[in-house]
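Subject: Structure handover and notes

Dear colleague,

I am passing on the structure we spoke about, with the sequence alongside. Please open it first, and then read the notes below with it on your screen.

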Amino acid sequence: MRGNMEKIILDNRYEIIDQVGIGGMAKVYKAKDRLLGRLVAIKILKEAYAEDDEFLKKFNNEAQSAARLNHVNIVNVYDIGEDMVNGRKLYYIVMEYVEGLTLKDLIEKEGSLSNHDIIDYSVQIAQALKSAHDSGIIHRDIKPQNILIDKYGLAKVTDFGIARVSSNATITYTSSILGTVHYISPEQAKGKIVDEKSDLYSLGAVMYEMAVGKVPFDADNSVGIAVMHIQDKPKSVKDLNEKVSDHLNRIIMKLLEKDPANRFSNASQLIEALEDQSFSLEDKKLEDTARIPIVVTQKREAKPKEDKEAVYISASDENDKKNTSKSSIRIWPLALLALLLVGIVYFFMTKSNDSRIEVPTVINLDQDMAVRELEKRGLKANISRTEESDQYDKGKVMKQDPESSIVVDLGTTVNLVVSAGREVPVPDLLGLDISQAEDALKEVGLTIGKTTTENSETYAKDLIIGQDPRVNTNLQTGSKVDIVISLGPEERIENTWVPNLIGTSEEDAYSLISQYKLSLRNVDYRESEEVEEGLVMDQSISQGTEVAEGSAIDLVISTGKKEEEKEEEVVKNVD
Ligand code: ATP
Ligand code: MG
């Protein structure tokens, strides 16, 4: 399909106009459907895939199930077909042609999107997911490249279910899927069976990118990224872009939870949360103990002095200018009341010497953080000792006295016991896959560190072939173990040169053959007047020839002059 495309007509019906994009397994063309007189997009499988029968079968099945879907936010699949063009069989999918750009392009153009736009697109994408999930179809490859934005601002999701075809049962960490791996869920990265919540995670990663212009995790190899999805906590969206509303921040971080059970339970719930600006209420309970919620609008100058006091944003959509003035009028009395409250608390906490306070829990906080938390509340901190611990990472507070919730005078000293961690022997990871290695490490309190890849002749693809530190080294719990992952055997065939073997001893010839990565096929023994017994007198490929590694070579070895021949043979055979 390279070269110029004019006048290629598939199935006597679809007239290719020009190429509009290229992906991992296909090229996408704009085409005209002559029968119905409309523009369509045609996705033609790349040749490599068109030769794989197994792949084609699944490709057809998936395309057929995708064709069942019918939703304004899903790119419509019209038809699938195959045709011979210039002696080559082409397999293709005919889809709704979407004039516009991909969400990836849009993010790249804008840097990051406004809260309003993020919500708008996310709701549309979630609607598409809901419709597909209701029909039992999981997308598996939600990424901004698979979301098209048309000229009316409609988001349209494409490639439903196709990912399953290209990635088999377990994910393959090759460079060809690099780019996809930025949005995969932890369970997908582990090669586990995925459900609709996996799509929600991927949408979370897409929303993250819309919000801050960057994917949640990046590394220089896809395995590294996959591991980060499995075990790293993403930086908060809000920390990277303060314009992101608390409302969206909470939703995105919830979608990116490692445990599917902690995400929304389905797309409908996500849509509800996106459309409900007060969604944050549910989480407030967790952090409200020492804080006073104040309702103010985002651009109020009447900010409370204590930044630490929670500021919950009600009209968090900054684009919604009309609403801002209206709601701020409504909110003024509330804000004043709240300010007054802050004032009262502030008065009691600072001016009044005999006031008492509840000790907060600082268990499992880093030592420094714990000290700060206590001092912030007018308490003193004292690190009394360290203790070995399996349960708490090194440097974390493991005990406190007085315990939390006890009411004490301001200025009281809270004694802390800090974990010294514990040394554990590094387990043997060789031959395990990533998910097994993660489990093995987790069991002893370690995690996966840097990952690199290498070819390996002995270990199958995706298995671990190296680790640092090595097995049984003692490591502090919480430490990381770097791993090297097999890419499988090197694919390209190396060439080698045939050395001169003539005149060398039989033994030397054998070692040269293996040194030059050749293989030995036949050895003949022949008498010779000129060549001394035991030396090579002929080689089947002549010296200096370039051949593929592993090529077979035949040798002829001299048995010396005629007279002695018989006797020598006998001796040889006895040997
Ligand atoms: P992968 O093949 O790994 O999923 P991808 O999603 O980037 O990667 P394709 O799905 O082949 O690749 O799409 C390639 C490009 O073609 C898209 O990025 C988009 O620009 C364009 N494209 C895809 N479908 C349509 C469509 N229905 N209408 C218009 N353009 C499309
Ligand atoms: Mg695609």
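In what follows, a polar contact is a pair of N or O atoms within 3.5 Å. Please also keep in mind that this is a predicted model.

With that cut-off in hand, lysine 43 is a good place to begin, as a polar atom of its side chain lies 2.7 Å from an oxygen atom of ligand 1. Two further side chains reach oxygen atoms of the ligand in this way: aspartate 159, where an N or O atom of the side chain is 2.9 Å from a ligand oxygen, and lysine 143, where the corresponding distance from a polar side-chain atom is 3.2 Å. Ligand 1 on its own would expose 610 Å², and the protein buries 86% of that area.

The shell around ligand 1 holds 22 residues, of which Gly24, Lys43, Glu96, Asn146 and Asp159 come nearest. By class, that shell consists of eleven nonpolar, six polar and five charged residues. The elements contributing two or more residues to the shell are the strands β2 (14-22), β3 (26-33), β4 (38-45) and β6 (88-96), and β2 gives the largest share, with three residues.

Turning to the helices, α3 (residues 103-110) packs against α7 (residues 196-212) at an angle of about 25°, with the two axes 9 Å apart. Because angles under 35 degrees count as roughly parallel, α3 is described as roughly parallel to α7. On the α3 side the contact is made by Leu103, Lys104 and Ile107, and on the α7 side by Val206, Glu209 and Met210; four of these residues are nonpolar and two are charged, with no polar residue among them.

Finally, there are some backbone details that you may wish to look at. Most residues other than glycine have a negative phi, and most peptide bonds are trans. Aspartate 11, in the loop between β1 (9-10) and β2, has a positive phi, near 55°. The peptide bond joining aspartate 401 and proline 402 is cis, with omega about 0°, and proline 402 is found in the loop between β14 (397-401) and β15 (407-409). A cis peptide bond also runs from aspartate 468 to proline 469, with omega near 0°, and here proline 469 lies in the loop between β19 (464-468) and β20 (474-476).

With best wishes

Definitions and conventions. Residues are numbered from 1 along each chain as its sequence is written. Chains are lettered from A and ligands numbered from 1 in the order in which they are written. This is a predicted model: local features need pLDDT of at least 70, side-chain atom pairs count only at pLDDT 80 or more; totals for chains, interfaces and linings use all residues. Side-chain values use heavy atoms; hydrogens and water are left out. Axes are lines fitted to C-alpha atoms, for helices over the stretch in contact, and angles run from 0 to 180 degrees between N-to-C directions. Helices (H or I, at least four residues) and strands (E, at least two) are DSSP runs, numbered from the N terminus. Angles under 35 degrees count as roughly parallel, over 145 as roughly antiparallel, 65 to 115 as roughly perpendicular and the rest as oblique. Contact means heavy atoms within 4.5 Å. Ala, Val, Leu, Ile, Met, Phe, Trp, Tyr, Cys and Pro count as nonpolar, Asp, Glu, Lys and Arg as charged, and the others, Gly among them, as polar. A residue is near a molecule or strand if one of its heavy atoms lies within 4 Å of it. A polar contact is a pair of N or O atoms within 3.5 Å; within protein, one must be able to donate a hydrogen and the other to accept it, and residues adjacent in sequence count only if both atoms are side-chain atoms. Accessible areas come from the Shrake-Rupley method with a 1.4 Å probe; for residues, only the protein chains shown count as cover.
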